[in-house]
Amino acid sequence: MKQIKKISAAVSCLLVCGLLAACGAKLDARAYLQAMLDLSYKGDSAAYVEMKLGTSEEAAALYERGINSEMTFFTEKLSMSEDLEADFRSLFKEIYGKAKYTVGEAKKQEDGSYVVEITYERMKVFEPALTVYNNNIASLPEAWEAMEEMPAQEEMLEDMTEVLRDALQESIGSVEYEAAQSLTIRIELVENVYTPNSEDVIALERALFDSDYSLEDAEF
C-alpha cells in the first residue's frame, strides 16, 4: 500500500448528525455549528443535547460511527491485532480532540441559509509522523534477519503497523500548529432542512490537519 489518506471520519459524522428542520424559528447558526463540530471532533455532546439535536446516547453513537468508519479504512489496509486496533482508535480520537477551531459570526443570506466563519490552526501531525516512520521502518529488515527464525509475513506487517502507531504517538506528543487562518461553512436549506454544505465540511477537514500523506517505500 503506497498511500493512505488522512483521517476523514468526522466528515461522515458531521454530515449525518443533527439536521434541523426549518420550522419558522430563527436558527442560531453559530451555536448549531459549534455543537456539530464539538461532537464530531471532540466527542463533546453537551451543546448537541442542549440544543435538542439528539440524545446523549445518540450523540455517542454518532461519534463512534465516525471513528468506526476510520477504523474500517485502516483495518482493511493494515495488519493489526485487537490491541493494535484499540491503540489506533485511541490515536484517532486524540488527534481529533486536538483540532483547533473557533466558530465565529454567522450571517444570514437572502435565501434563508447562513454563512459561518471558522478560524482554525492547521495541525502538523501526519507529516512529522511519517518522517519518524520512514526513519524507523528501515531498521526492521535487519531486526528480522537477526531472529532465529524469519517471521511470517503477517508478523512483519504487524511490526510495520506498530512502527506507524509509535510514530503517530510521538508526533501527537509534540504536535505543532500553523498560523491561524479562516474559512466559511454554509448551512443551507435543503428541502426545508438546515444542512451543512458537504464541500465546505470537507474543506474544513482538510484545513484542520496537514496534507494527505503516503507511506513512502512501504508495502503493506
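**Glu57**

I began with Glu57 in this predicted model, and asked whether its side of helix H4 leaves the residue buried or exposed. Glu57 has a relative accessible area of 59%, and because exposed means over 50%, I entered Glu57 as exposed. The residue belongs to helix H4, which runs through residues 56-75. I then looked for a partner of the Glu57 side chain and found a polar contact with the side chain of Ser56, at 3.3 Å. I also looked up Ser45, which lies 12 residues from Glu57 along the chain, and noted a C-alpha separation of 9.3 Å for the pair.

**Lys52**

From there I turned to the loop between helix H3 (46-50) and helix H4, where Lys52 has its place. Lys52 is not a glycine, yet I read a positive phi for this residue, near 60°. I noted Lys52 as exposed, its relative accessible area being 73%.

**Arg30**

Next I looked up Arg30, a residue of helix H2, which spans residues 29-42. With 40% relative accessible area, Arg30 went into my notes as partly exposed, because that value falls between the limits of 20% for buried and 50% for exposed. I checked Arg30 against Glu117, which is 87 residues away along the chain, and found 8.7 Å between their C-alpha atoms.

**Asp210**

I then moved to the loop that connects helix H9 (198-208) with strand S9 (213-214), since Asp210 is found there. Asp210 is buried, and I wanted to know which side chain of opposite charge is nearest and how far away it lies. That side chain is Arg122, at 6.3 Å, and Asp210 has no salt bridge; a salt bridge would need the side-chain nitrogen within 4 Å of a carboxyl oxygen. What I did find for the Asp210 side chain were backbone nitrogens: it reaches that of Val125 at 3.0 Å, and one of its polar atoms lies 2.9 Å from that of Phe126.

**Glu154**

Last, I asked which residues form a negative surface patch that includes Glu154. I listed Glu148, Glu149, Glu154 and Glu155 as its members. Of these I followed up Glu154, which I placed in helix H8, residues 153-173. Its relative accessibility is 58%, and because the cut-off for exposed is over 50%, Glu154 counts as exposed.

Note on methods:
Residues are numbered from 1 along each chain as its sequence is written. This is a predicted model: local features need pLDDT of at least 70, side-chain atom pairs count only at pLDDT 80 or more; totals for chains, interfaces and linings use all residues. Side-chain values use heavy atoms; hydrogens and water are left out. Patches are made of residues with over 30% relative accessible area and no salt bridge: like charges are joined within 9 Å, nonpolar side chains (Val, Leu, Ile, Met, Phe, Trp, Tyr) within 5 Å. Accessible areas come from the Shrake-Rupley method with a 1.4 Å probe; for residues, only the protein chains shown count as cover. Lys and Arg count as positive and Asp and Glu as negative; His and the chain ends are not counted. The place of a charge is taken as NZ of Lys, CZ of Arg, CG of Asp or CD of Glu. Helices (H or I, at least four residues) and strands (E, at least two) are DSSP runs, numbered from the N terminus. Buried means under 20% relative accessible area, exposed over 50%, partly exposed in between (1.4 Å probe, protein chains only). A polar contact is a pair of N or O atoms within 3.5 Å; within protein, one must be able to donate a hydrogen and the other to accept it, and residues adjacent in sequence count only if both atoms are side-chain atoms.
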